Amino acid sequence: MNRKGITRLVAEREITERLQGRLIRIMTVVTALVVAAGILVPSLIKSSSAPTRIGLVGSSAQALAPTLERTAAAAKTKVTVTKIPDDEAARADVLAGKLDVALIVGPSSARVEVKKSVNPTIRAVLQSSVDSVHVRQALAQAGLPVSKVPSALAPVAVTTVALKPPPPDQTARSVAAIAAALLMYVSLALYGTAVATGVAQEKTSRTAEVLLGAIRPSELLSGKVIGIGLTGLGQLTIAAAAGLIANALVHSTKIPGSVWVLIPTFLICFLAGFTLYAFAYAATGALVARQEEVQFVTMPIGLLLLVSYLLVYAVIGSPDATWVKVVSFFPPLTASLMPARIALGHVAPWELPLAALIMALSIWGMIRLASRVYANALIYSGARLSWKAAMQLSEAREPAPIRPYPS
Amino acid sequence: MKTGELQISDLHHRFGELVALDGVTFAVGGGEIVGLVGRNGAGKTTTMRSVMGIVHPDRGAVKWSGHDVGQADRLKFGYMPEERGLYPQMRLAEQIAYFARLHGFDAATAAGAARTWLDRLGLGGRTADKLVALSHGNQQRVQLAVALVHDPELLVLDEPFAGLDPEAVDSLSRVLFERAAAGTAVLFSSHQLELVERLCRRVVIVESGRVLADGTLAELRARFPAQLRVKVGAPPDWARRLEGAQIASVDDEGVLLTIDPGTDTQGILRAAQAAGPVEHFGFETAGLVDLYRHMVSA
């Protein structure tokens, strides 16, 4: 059998072992459900944003109806207007939840009655409607000819010019960036820890030594990383499919074009990030003397991953800041920050190949470093090692100085 | 059928300041069972790990049939490390078949070989059990099956008898004899010297990373001074002034004398008869235990 066949066998065993576990099936279903819920729930909440029901009490208030509807339309707020004969009936409707707001207009004042509180937009709409009718009446009483009143009150057009307009789907892009970063963080930490745990298991159960009698450390290591990586990719694909199905069910939610670009980008970044982190996790897992130490020794890597996730909020806050651009090229952060920057549409074309090159070089370096630490630490049976100590173990393998035999 | 020969020459290895191997040299021929004995830390495990490519010696060579051992050769080796280890959650048949496949068997052959070995070791009814569900002794059997499943040409077994009950010891001994008869070269280490004596044609004694002795039991005995047991119906004072013989021990069974080479033993017999009635007079056959003690303490 060729050597590739061995790495493949190791990877197959990893996948089989993982698929046999109950936890992974539960995790896959839960992740898929969470993603689907993340798409379904907001759209359900959105569709329940019903118009505000306003009751107009008495003839003065009822005369406001056309003005009120126009103002509400201008404020992009949906309202329905009902005419109510008297205060008592209006109050009863508000308390019973049939009305959201009751408006009572007197000769010199107006009152808004609500159950608990009123939405500020609605309040502004009501205020402005009452004011304009009041002004109209005042002008009429002051003797201004009725024909002049509408033109005096005609609104002056105010145009807003955005100097740096955000893309039309800004919110969707930010949400996509955060979702991608969160998914990246969770999956890298999850599968990375799985690699570290698997390595530690092989070391502490001494299976590693039996394996290393037949195959090379590099074959064992890469087979494990590939096996767990593919399992993770499979889980992510199922989650992505659940998201797409959920989206198809809720036709109202539009997926912006940038998000479609994000899916392949995310998967590529996941593969690169996973490779980088998985080898670090594997070497770290080989350092332990007992299985329980895995959590402790992998903590720094977990923290780095957490930082890379939290930095995404900084990217969203100031996507054009120089420091944001610079840190997104720092390999441990690239997998989280680049998809976010792409989602936000702030990546220049030359940046991607550069990031890919830096990432590829660091993956190469990490594989070399981690393989050495891994191979040395795996058969060391003493107390927990540090990376440095594991490196020095191999220095002890350098040829010893030739000495004369003691007689 | 005679398979290849393992040649270990001049292995040197240090772990930091600790000298683990200091010129270990010996060979294991096809069909031969060689016992590697020595105290803890003498270098047995490091030697075996060097053969398996787990430790890379600083200096020296490990050769198989005349060429340096490579990864392809190791696929024909079977290994049982001192600290046993297999996947606890993996089912027996799958586990043994997996190791067979790592050694180059295709899936079907590997599955067949796994079944055969489980049957042979009395675990035929437990193929679907996870390793962790087995008793310690049965886990040892699975470990042995993993070392043997791919019909290795060389078996390297580090303390294979440790922790086995007498029945399992017999069963493992039978397997080793059988493999050797089929041409497999067998190298194993043990602290159970009487076992080594029973199983091995040849013994290698290592001490402080060096080979102290290497040979058949007869060859080793030839390097050991002869011992004569004499029981006389008299106090042992008669033996104190003998030429070319020293008292090694005195007990109810008489006097044990260490005889210098070339000593006239008939003279000793006459001295004994002069002291009183001789009830017993004969050479003691040194066991491996005596040879080992003598060599390690020398």
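# Reading sheets, helix packing and a chain interface

Me: Across which strands of chain B does helix α5 lie?

Reply: In this predicted model, helix α5 of chain B (residues 136-148) lies across β6 and β7 of the same chain, and its direction makes about 160° with β6(B).

Me: In what order do the strands of the six-stranded open sheet of chain B stand, and what is the pairing?

Reply: The order is β6-β7-β8-β3-β9-β10, and the pairing is mixed. The edges are taken by β6 (77-80) and β10 of chain B; each has a single partner strand, so one side of each lacks a neighbour in the sheet. From one strand to the next, the twist averages 15°.

Me: In which sense do β6(B) and β7(B) pair, and over how many bridges?

Reply: They pair in the parallel sense, over four bridges, with β7(B) spanning residues 154-158. Within this pair, B:Met80 stands opposite B:Leu157. Helix α1(B) also packs on this sheet, where it touches β3 (33-37), β7, β8 (185-189) and β9 of chain B, and its direction makes about 150° with that of β7(B).

Me: How many bridges join β9 to β10 of chain B, and how do these strands run?

Reply: Six bridges join β9(B) (residues 202-207) to β10(B) (residues 210-216), and the two run antiparallel. B:Ile205 stands opposite B:Ala213 of β10(B). The two strands form a hairpin with two residues between them, in which B:Ser208 takes a positive phi near 50°.

Me: What is the order of the open sheet of four strands in chain B?

Reply: That sheet has the order β2-β1-β4-β5, with antiparallel pairing. Its edge strands are β2 (18-28) and β5 (67-68) of chain B; each has a single partner, so one side of each is without a neighbour in the sheet. β5(B) is joined to β4(B) (residues 59-64) by two bridges, and B:Trp64 stands opposite B:His67. Helix α1(B) (residues 44-51) lies across β1 (6-15), β2 and β4 of chain B, running at about 115° to β1(B).

Me: By what are two packed helices described?

Reply: The description rests on the angle between the two axes and the distance between them. In chain B, the axes of α3 (residues 92-102) and α4 (residues 107-120) come within 8 Å and cross at roughly 125°. This angle makes α3(B) oblique to α4(B), and the crossing is right-handed. The contact between α3(B) and α4(B) comprises 12 nonpolar, no polar and two charged residues.

Me: At what angle do helices α8 and α15 of chain A pack?

Reply: The angle between α8(A) (residues 170-204) and α15(A) (residues 331-344) is about 165°, with the axes 8 Å apart. Angles over 145 degrees count as roughly antiparallel, so α8(A) is roughly antiparallel to α15(A). α8(A) passes α15(A) in a right-handed crossing. Residues of α8(A), including A:Ala177, A:Met184 and A:Leu188, meet residues of α15(A), among them A:Ala335, A:Pro339 and A:Leu344. The residues of this contact divide into 12 nonpolar, one polar and one charged.

Me: What makes up chain A, and what percentage of its residues is buried?

Reply: Chain A has 17 helices and four strands, and buried residues account for 35% of its 407 residues. Among contacts in chain A with a separation of 6 or more, 76% involve residues 24 or more positions apart.

Me: Where is A:Arg8 placed?

Reply: A:Arg8 belongs to helix α1 of chain A. It counts as partly exposed because it has 17 C-beta neighbours inside 10 Å. Its C-alpha atom is separated by 8.3 Å from that of A:Gly227, although the two residues are 219 apart along the chain.

Me: How many residues of chain A are in contact with chain B?

Reply: The size of an interface is often given as the accessible area lost when the parts come together. Here a residue count is available: 20 residues of chain A are in contact with 28 residues of chain B. On the chain A side, α1 (3-20) and α9 (207-212) each supply at least two residues, and α9(A) gives the largest share, four residues. That side divides into 12 nonpolar, three polar and five charged residues.

Notes: Residues are numbered from 1 along each chain as its sequence is written. Chains are lettered from A and ligands numbered from 1 in the order in which they are written. This is a predicted model: local features need pLDDT of at least 70, side-chain atom pairs count only at pLDDT 80 or more; totals for chains, interfaces and linings use all residues. A residue is buried if 20 or more other C-beta atoms lie within 10 Å of its own, exposed if 12 or fewer, and partly exposed in between; C-beta atoms are placed from the backbone. Two residues are in contact if their C-beta atoms, placed from the backbone, lie within 7 Å. Axes are lines fitted to C-alpha atoms, for helices over the stretch in contact, and angles run from 0 to 180 degrees between N-to-C directions. Angles under 35 degrees count as roughly parallel, over 145 as roughly antiparallel, 65 to 115 as roughly perpendicular and the rest as oblique. A crossing is left-handed if the near helix is turned anticlockwise from the far one by less than a right angle, and right-handed if clockwise. Ala, Val, Leu, Ile, Met, Phe, Trp, Tyr, Cys and Pro count as nonpolar, Asp, Glu, Lys and Arg as charged, and the others, Gly among them, as polar. Two strands pair if DSSP finds at least two bridges between them.
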